[in-house]
Amino acid sequence: MIFQKAKMAFPLHLDKFQIEHGKASEKILKEFFPEVCEEILGISDTMGIDYLPFASWMLCMGCCMYNLEENIPVEIRGCTAFAFSKNGRIIYGRNNDLPPYLRDGSKSEIYAPADGNRFNITTSSFVNGEEGLNEHGLAVAMTFVMTGLEKIQAGFNSCFVVRYLLEKADSTEAAISLLMPLPIASNCNILLADRSGNMVVVECTPTAKRIRKPEMFKNGKIVCTVNSFTSDEMKQYDDANGNDYDSAKRYGVVMDSFSHCITDDVIETTKLLLKGEYGFMCQYDNEPDFETVWSSIFDLRSLVIFRAEGDPRKKKFIADSRLHDIVSEK
């Protein structure tokens, strides 16, 4: 198995709070998404690891991994994600910002489940992920928003939300109907965009969800999410206290660039946006142990993905047509 060949080890250093959170969240995961629990069980059996601690560790990721010295991944996450429509093109873009030690373990995976959608998911973990595109042209992505420890509840973390919706939904509308009743463990934004041009950000907390619609412009529309809640109604739930890696600045650059910089050559100018050519996006040169570990662009209608595996200022965007090719084989 790939984990054994890579000699991977999993630091299952969970405290009492995390163990209890993981156990309670696993019950919810199994209720809504039993197939993924079977997948986790298969991995844990192969690796010779007890299933429940392993599943609990995965459910704590991006949620309550607060004792940073002993746990991976640390709760330091940037990320900018957006989707827009312009002249008939539906494009999604993202910078995934993390501590650099997570770069080498990041990967892009193709899933073809027997009873679900085929999809491409990009992840710094495995099984779940930060973003993806499925065979129906639905893009799903998360961004992390800080949550006070006392506010965290049992439920899906944001990366399992991404996996669940990619596998189960075929449109933004269908994804919203699945997401709204889903128990959410901690604050996050979930971006949804489909090939018809329907796009939203759902701002999620353990106790509330709000759908934020795109902003309309003369030449199209765009929706963007960073590491904060943008709507006034949801800002009260954000516990970052401004420590969010210049979220407001990144959000402003994306929104301003859409109306002034994105040309009819949407792929190339989206690359320039992600590279920081139009303002601050990935320029974390003064931030120790933090950088853009990958950048992605999805063409939702062609199902072709362009990805820079590292800082997009230094790495080229390479086309990934695996999902397109699989769907075209029908």
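**Exercise 1. Identify the residue of E5 that is the bridge partner of Asn120, and place the pair in its strands.**

Step 1. In E5, Leu133 is the bridge partner of Asn120. Strands here are DSSP runs (E, at least two residues; helices H or I, at least four), numbered from the N terminus.

Step 2. The model is predicted, so local features need pLDDT of at least 70 and side-chain atom pairs count only at pLDDT 80 or more, while totals for chains, interfaces and linings use all residues. Residues are numbered from 1 along each chain as its sequence is written, and side-chain values use heavy atoms, with hydrogens and water left out.

Step 3. Strand E4 (residues 119–123) and strand E5 (residues 131–134) run antiparallel and are joined by four bridges; two strands pair if DSSP finds at least two bridges between them. Thr122 stands opposite Glu131 in E5.

Step 4. On the E3 side, five bridges join E3 to E4, again antiparallel. Here Asn120 in E4 is the bridge partner of Ile110.

**Exercise 2. Determine whether the faces of E4 are covered or open.**

Step 1. In a regular strand the side chains alternate between the two faces of the sheet.

Step 2. Phe119, Ile121 and Thr123 lie on one side of E4, Asn120 and Thr122 on the other, and all are buried. Buried means under 20% relative accessible area, exposed over 50%, and partly exposed in between (1.4 Å probe, protein chains only).

Step 3. Because five of the five residues of E4 are buried, E4 is largely enclosed by the rest of the structure.

**Exercise 3. State the strand order of the open sheet and name its edge strands.**

Step 1. The seven strands follow the order E3-E4-E5-E6-E7-E8-E9, with antiparallel pairing.

Step 2. E3 (107–111) and E9 (209–212) stand at the edges; each has a single partner strand, so one side of each is left without a neighbour in the sheet.

**Exercise 4. Describe the packing of helix H3 (residues 34–47) and helix H4 (residues 51–60).**

Step 1. Their axes (lines fitted to C-alpha atoms over the stretch in contact, with angles from 0 to 180 degrees between N-to-C directions) come within 9 Å and cross at roughly 120°.

Step 2. The contact (heavy atoms within 4.5 Å) is made by Cys37, Ile40, Leu41, Ile43 and Ser44 of H3 and Tyr51, Phe54, Ala55 and Met58 of H4.
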